[in-house]
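Okay, thanks everyone for coming. I'll walk you through one model today, so have a look at the picture first and then we'll go through it piece by piece.

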Amino acid sequence: MPSNVQELRPKPPETEKITINLGFVDLGHVDLMVKDGFYSNRTDFIRTAIRNQLERHADVVKQSTARKSLDLGLRNYTRADLEAARQAGEMLHINVLGLCSIAPDVTADLARATIGSVSVLGALHATPAVKAALADRTR
């Protein structure tokens, strides 16, 4: 990026990398499906399989999401959000299914003072200091 351009808000990644272990026979079946042109590569096969399973269980996921009062998708907590909670004397209880992002300018002290609990099904993006400060409050 040129030195005269300032990025206002870093764009969060749209995917998260995971690692899986497959048996040789299962992996061979995946490779056969790729070789025969059903899928463009292993990743395409795995994404499709995951999406099919999520679709298959969509009703159960929807009920569980409602029961657990989860925020769906991308939830970003800014320094201003946490400062407002502190001003109001409130503790935040973060429950996210997707990506939860705590702004890089949030200090560990501010996070501990305003976040009572963190439960993220997906990914939590925060500075190492904030993650360490909330470690005992993260489920």
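Before the first pair, the cut-off: I call something a salt bridge when a side-chain nitrogen of Lys or Arg sits within 4 Å of a carboxyl oxygen of Asp or Glu. And please keep in mind that this is a predicted model.

By that rule we get five salt bridges. Take Arg42 and Asp31: they form one, with the closest N and O atoms 2.7 Å apart. Arg42 belongs to helix 2 (residues 42-56) and Asp31 to helix 1 (residues 24-35), so this pair ties together parts that are 11 residues apart in sequence. As for exposure, Arg42 is partly exposed at 40% relative accessible area, and Asp31 also counts as partly exposed, at 29%.

Next, helix 4. Here Glu83 and Arg79 meet in a salt bridge, 3.7 Å from N to O. They are four residues apart in that helix, so about one helical turn separates them. Glu83 is partly exposed with 25% relative accessible area, and Arg79 is partly exposed with 30%. There's a bit more to this one: salt bridges with shared partners join Arg79, Glu83 and Arg86 into one network.

One more pair, and it takes us to the sheet. Asp71 forms a salt bridge with Arg75, and the closest N and O atoms there are 3.6 Å apart. Asp71 is partly exposed, with a relative accessible area of 32%, and Arg75 is partly exposed as well, at 29%. Arg75 also stands opposite Cys100 in strand 2.

So, the sheet itself. In what order do the strands of this open sheet come? It's 1-2-3, three strands with parallel pairing. Strand 1 and strand 3 (115-125) are at the edges with a single partner strand each, so one side of each has no neighbour in the sheet. On average, neighbouring strands are turned by 45° against each other, ignoring direction.

Now the pairings. Strand 1 (residues 71-77) and strand 2 (residues 92-102) run parallel, joined by seven bridges. Strand 2 and strand 3 pair in the parallel sense too, over 10 bridges. If you want landmarks on that second pairing, Asn95 stands opposite Ser119 in strand 3, and Cys100 stands opposite Leu124 in strand 3.

How does the chain get from strand 2 to strand 3? It crosses through helix 5 (residues 108-114), and that β-α-β crossover is right-handed. On the other side of strand 2 in the sequence, strand 1, helix 4 (residues 79-88) and strand 2 make a right-handed β-α-β unit.

Last stop, and it's the one I'd like us to argue about. Arg137 lies in the segment after helix 6 (128-133). What does this buried arginine have for a charged partner? Arg137 has no salt bridge, and the nearest side chain of opposite charge, Asp136, is 4.1 Å away. The cut-off is within 4 Å, so that pair is not counted as a bridge. Leaving out residues up to four places away in sequence, Arg137 touches Met91, Ala111, Arg112, Ile115, Gly116, Ser117 and Val118.

That's the tour. Over to you.

Notes: Residues numbered from 1 in each chain as written. Predicted model: local features only at pLDDT ≥ 70, side-chain atom pairs only at ≥ 80, totals over all residues. Heavy atoms only, no water. Helix = DSSP H or I, 4+ residues; strand = E, 2+ residues; numbered from the N terminus. Buried < 20%, exposed > 50% of the residue type's maximum accessible area, 1.4 Å probe, protein only. Lys, Arg positive; Asp, Glu negative; His and termini not counted. Contact = heavy atoms within 4.5 Å. Pairing = 2+ DSSP bridges. Right-handed = clockwise from strand over helix to strand, strands pointing away. Axes fitted to C-alpha atoms, helices over the stretch in contact; angles between N-to-C directions.
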